[in-house]
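Me: I am new to this one, and I would like to know what stands behind the words people use for it. Could you show it to me and take me through them?

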Amino acid sequence: MIDPVSDALAPYAARADQSRGRRHPESAPNSRTEFQRDRDRIIHSTAFRRLEYKTQVFVNHEGDLFRTRLTHSLEVAQIGRAIARTLRLNEDLVEAIALAHDLGHTPFGHAGQDALHECMKPYGGFEHNLQSLRVVDELEERYPAFNGLNLTFEAREGILKHCSIINARTLGDVGERFLKRQQPSIEAQVANLADEIAYNNHDVDDGLRSGLLHLAQLEEVPLFARHAAGVRSEYPGLAERRAINETVRRMINALVVDLTDETKRRLVEAAPRSVDDARAAGLLAAFSEPVRREADRMKSFLHDNLYRHYRVMRMTAKARRIVADLFGAFLAEPKLLPLDHQLRAATVETPRLIADYVAGMTDRYAISEHHRLFGIDS
Ligand code: MG
């Protein structure tokens with residue numbers, strides 16, 4: 001189908017009608033573009049619905065207002081699309097990548113992923129980016145003719161943000177860029193930075209809301225302090241919650257504006273004439289140097305004060321134990337696995353199918369599975 005927005009796209013944007021295609025050939029959609037079809041398949045997937053019950057920073061049951069992987073992914077999509085439209089990139093592709101980027105995340109956020117990686121070390125390791133690709137390529141069971149969602153190359157390329165060289169060699173087309181040290185499409189680069197803008201800002205908001213972070217600490221972080229001062233001078237006496245919301249809103253806006261300005265500047269300089277030109281041109285989507293430094297400062301602040309807060313660390317320690325216990329129990333006795341997972345042993349190595357099962361769990365499913373396996377009273 002003709003892409004109705006293709007005339008508005010810049011020459012360096014990805015075009016749905018020029019996609020490198022899907023792993024399993026399918027006839028073209030008739031009422032939407034290939035990238036819209038990708039987006040729609042992601043939204044209808046099982047893994048997407050599970051994001052609602054997976055930890056971003058706070059475990060799902062800790063409070064109703066904290067971000068989950070689902071609301072995080074929606075915020076990434078919103079920020080990514082806004083940037084894409086300004087830069088005349090393919091919004092549908094950015095949206096598809098953003099909505100799918102965390103599909104491979106384990107329960108309990110990074111703690112879960114680290115624990116699963118530890119367990120999987122003798123069997124090829126566990127990388128959440130690679131797992132996101134595995135979800136859309138292999139694990140979803142929705143179509144009669146193939147495993148996975150059969151997404152376009154462009155969406156798969158964007159989902160695979162990072163990957164070790166050893167794994168890249170086994171991945172065919174989407175692994176190539178890691179070996180050639182090339183970038184993905186600018187749409188994928190934008191989705192990646194939209195992820196960073198989203199979590200840096202919503203973690204400030206959630207951190208303050210939870211009481212784990214305090215305003216006085218954030219005043220030490222230049223990015224926050226500058227915008228908070230702006231809000232105070234414009235609205236003296238504003239209630240704290242509104243002042244925080246307005247500060248976070250301004251920080252997001254400032255990061256988005258800087259990113260689009262710097263990316264435009266690089267695009268003018270590199271003048272890519274096609275999406276392949278863009279892939280070969282080095283990093284095109286980027287913050288300016290000073291803003292990159294400010295964003296990094298915020299990141300390390302959050303790392304030290306929120307992700308390493310003792311209350312988060314306690315949850316993290318429990319999460320690691322749950323994941324390690326589950327993996328260990330299933331590996332010692334694969335007959336404990338639900339039957340449909342046991343049946344996969346015909347085609348998948350046992351440790352890998354256990355990792356797929358554990359990674360697919362929501363926080364609360366992992367907790368109750370742990371109770372079922374280890375609870376003496378149940
Ligand atoms: Mg993310």
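Reply: Gladly! Let's begin with the elements: helices (H or I, at least four residues) and strands (E, at least two) are DSSP runs, numbered from the N terminus. With that in hand, α2 (46–50), α6, α17 (339–343) and α18 (350–360) each supply at least two residues to the lining of the second largest pocket. Please keep in mind that this is a predicted model, where local features need pLDDT of at least 70, side-chain atom pairs count only at pLDDT 80 or more, and totals for chains, interfaces and linings use all residues. Residues are numbered from 1 along each chain as its sequence is written, and side-chain values use heavy atoms, with hydrogens and water left out.

Me: What makes something a pocket, and what is the volume of the largest pocket?

Reply: On a 1 Å grid over the protein atoms alone, a pocket is an open set of points with protein on both sides within 12 Å along at least five of seven lines, whereas a cavity is a set where a 1.4 Å probe fits but cannot get out; lining residues have an atom within 4 Å of a point. Grid points are joined across faces, edges and corners, and a volume is the space filled by probe spheres set on the points. By that reckoning the largest pocket has about 860 Å³. Its lining has 36 residues, with Gln 56, Val 57, Gly 109, His 110 and Tyr 307 nearest the centre. Helix α10 gives the largest share, seven residues.

Me: How do you know where the largest pocket lies with respect to domain 1 and domain 2?

Reply: Domain bounds come from an automatic or database domain assignment. Domain 1 (6–312) and domain 2 (313–374) both give residues to the lining of the largest pocket, so this pocket lies between them.

Me: And what is the volume of the second largest pocket?

Reply: The second largest pocket has a volume of about 740 Å³. Of its 26 lining residues, Arg 50, Leu 139, Glu 141, His 341 and Arg 344 are the closest to its centre. Its lining takes at least three residues from each of domain 1 and domain 2.

Me: Which residues are called donors of the magnesium ion?

Reply: Donors are N, O and S atoms within 2.8 Å of the metal (3.2 Å for Na, K and Ca), and water is not among the atoms, so sites may look incomplete. The protein donors here are His 72 (NE2), His 101 (NE2), Asp 102 (OD) and Asp 195 (OD), at 2.1 to 2.7 Å from the ion. In sequence their spacing reads H-x28-H-D-x92-D.

Me: Why is Glu 246 called buried or exposed?

Reply: Buried means under 20% relative accessible area, exposed over 50%, and partly exposed in between (1.4 Å probe, protein chains only). Glu 246 has 15%, so it is buried. This residue sits in helix α13 (residues 240–270).

Me: Which word fits Val 291, buried or exposed?

Reply: Val 291 has a relative accessibility of 16%, so it counts as buried. Val 291 lies in helix α15.

Me: What about Arg 181, buried or exposed?

Reply: Arg 181 has a relative accessible area of 71%, so it is exposed. Arg 181 is in the loop between α9 (176–180) and α10, and it has a positive phi of about 55° although it is not a glycine.

Me: And how is Ala 271 classed?

Reply: At 44% relative accessible area, Ala 271 is partly exposed. Ala 271 lies in the loop between α13 and α14 (275–280).
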